[in-house]
Amino acid sequence: MQVKIKGTTKICGLFGYPVEHSFSPAMQNAAFSSLLLDFVYVPFTVAPGDLAQAVRAVRALNLVGVNVTVPHKEKVLPFLDELTPEAQLTGAVNTIVHIEGRLVGHNTDGAGFLRALREEAGFSPAGKNVLVLGAGGAARAVAVALAGAGAQEISIANRTAQRAQELARELNERTPAKARAIFWSARHLGEVLGNVQLIVQTTPVGMTPGREQCPSFPFHCLGREHLVCDLIYNPPMTKFLERAREAGAAVSSGLGMLLHQGALAFELWTGKNAPLEVMRRALLEQLQER
Ligand code: NAP
């Protein structure tokens, strides 16, 4: 359904560089249309040097809010008036809400991941042990959210070991979870898997156009007792998830996190419950088209 733009239409958007690949415009505009909301969602290409001006424009143009994506999620913090505790802990913002001249930075990635865990995979992290592969922005959002949701022990393996150590140190200092960095080797990962219930793959390895690639992992150590999530949503079934499923683990794709982080942003901007099935259909259509 086409969004009708009128003099009263409220504008949301996306700041990123690039933004052409994003599924969010299709997902958010489908949601606005289905609830007959007078809103539109527009992608804005914001080059790194233009971020401060672009954020000022949110006020000047009276936008309702914007999503923020790569490479601006961390750099946008100093330009905002207020941060939610999640955004502060994560050190990254993916959603800005404009309230009467004040810009509030939220991070719905972590909460979106938790909602996807609960609603798509029926999994509760409370009291569970988790292995996170990767230590970038998405890993940080997921680890902070899992710690907040009561995960007991969080092990982090990353290509650059130092980043895993830093993330583990911050989690230990600032959350109730017990975190540690481990080496990314078949032996170390295999040892941890005996005492872990949830594995979250957060690196971009296996993402289209590199969909034949797969992070090295001791798949033979997986079984029915494990839930394996990949944050990649294109393709929805990565090689990593395929091999985990073959080994007997339950699997969950990054499409759920994409859907729920977008649904939370929608709810912040409109104050309405997000039409999840409409948004999911829009995402699946985008996947088919590409
Ligand atoms: P990022 O901040 O750049 O972090 C990338 C992480 O992946 C780092 O830990 C990096 O390790 C590791 N990595 C990159 N290339 C690698 C390779 N060839 N081998 C091993 N490790 C590698 O990126 P991000 O923002 O966290 O995003 C990561 C992924 O999450 C992307 O696929 C993104 O699409 C996905 N994501 C999905 C959602 C969703 O809604 N489903 C939301 C956010 C992000 P080093 O530290 O060694 O560089």
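1. Let's start with a cysteine. Cys-214 is partly exposed, at 25% relative accessible area. The cysteine sulfur closest to that of Cys-214 belongs to Cys-221, and at 14 Å it is too far off for a bond. The disulfide count for the structure comes to zero. Cys-12, by contrast, is buried, with a relative accessible area of 0%. Keep in mind as you read on that this is a predicted model.

2. Next, have a look at the sheet. It is an open one with six strands, and if you walk across it you meet them in the order β2-β1-β3-β5-β6-β4, with mixed pairing. The edges are taken by β2 (39-45) and β4 (82-83), each of which pairs on one side only. Inside the sheet, β5 (residues 95-99) and β6 (residues 102-106) run antiparallel and are joined by five bridges. If you want a spot to find that pairing by eye, try His-98, which stands opposite Leu-103 in β6.

3. What packs on this sheet? Helix α9 (residues 255-270) does. The helix touches β1 (10-16), β2, β3 (65-68), β5 and β6, and its direction makes about 5° with that of β5. A handy residue to click on here is Gln-261, which lies in α9. Gln-261 is buried, at 8% relative accessible area. Leaving aside residues up to four places away in sequence, Gln-261 touches Met-27, Asn-94, Thr-108, Asp-109 and Gly-112.

4. Another helix to check is α5, which covers residues 137-148, twelve in number. From first C-alpha to last, α5 reaches 17 Å, close to the 16 Å expected at 1.5 Å a residue. How many of the twelve residues of α5 are buried? Nine of them are, and the helix is mostly covered. The buried set has plenty of alanine in view: Ala-139, Ala-141, Ala-143, Ala-145 and Ala-147 are among its members, and so are Val-142, Val-144 and Leu-146. Arg-140 is also one of the buried residues of α5. Just past the end of the helix, Gly-150 takes a positive phi of about 95°.

5. Now for the charged pairs. Side chains of opposite charge can pair when their charged atoms come close. The structure holds 15 salt bridges. One of them joins Asp-81 to Arg-59, with the closest N and O atoms 3.1 Å apart. Asp-81 sits in the loop between β3 and β4 while Arg-59 belongs to helix α2 (residues 51-60), so this pair ties together parts that are 22 residues apart in sequence. Both ends are partly exposed: Asp-81 has a relative accessible area of 36%, and Arg-59 has 31%.

6. A second pair links two strands. Glu-153 and Lys-178 meet through their side chains in a salt bridge of 3.3 Å, N to O. Since Glu-153 lies in β8 (residues 153-157) and Lys-178 in β9 (residues 178-182), the bridge ties together parts that are 25 residues apart in sequence. Lys-178 counts as exposed, at 53% relative accessibility.

7. A third pair is Lys-239 with Glu-212, whose side chains meet in a salt bridge at 3.5 Å, N to O. Lys-239 is in helix α8 (residues 239-246) and Glu-212 is in the loop between β10 (198-201) and β11 (227-230), so here the parts tied together are 27 residues apart in sequence. Are these two residues buried or exposed? Lys-239 is partly exposed, with a relative accessible area of 24%, whereas Glu-212 is exposed, at 60%.

8. Salt bridges also come as a network here: Glu-120, Glu-277 and Arg-280 are linked in one.

9. Finally, a glutamate in a loop. Glu-20 lies between β1 and α1 (24-34). Glu-20 is exposed, with a relative accessible area of 61%. Not counting residues up to four places away in sequence, Glu-20 touches Thr-45 and Arg-290. How far is the C-alpha atom of Glu-20 from that of Leu-131? The two are separated by 32 Å, and the residues are 111 apart along the chain.

How values were computed. Residues numbered from 1 in each chain as written. Predicted model: local features only at pLDDT ≥ 70, side-chain atom pairs only at ≥ 80, totals over all residues. Heavy atoms only, no water. Helix = DSSP H or I, 4+ residues; strand = E, 2+ residues; numbered from the N terminus. Expected span 1.5 Å × (residues − 1). Buried < 20%, exposed > 50% of the residue type's maximum accessible area, 1.4 Å probe, protein only. Pairing = 2+ DSSP bridges. Contact = heavy atoms within 4.5 Å. Axes fitted to C-alpha atoms, helices over the stretch in contact; angles between N-to-C directions. Salt bridge = Lys/Arg side-chain N within 4 Å of Asp/Glu carboxyl O. Disulfide = S-S within 2.5 Å.
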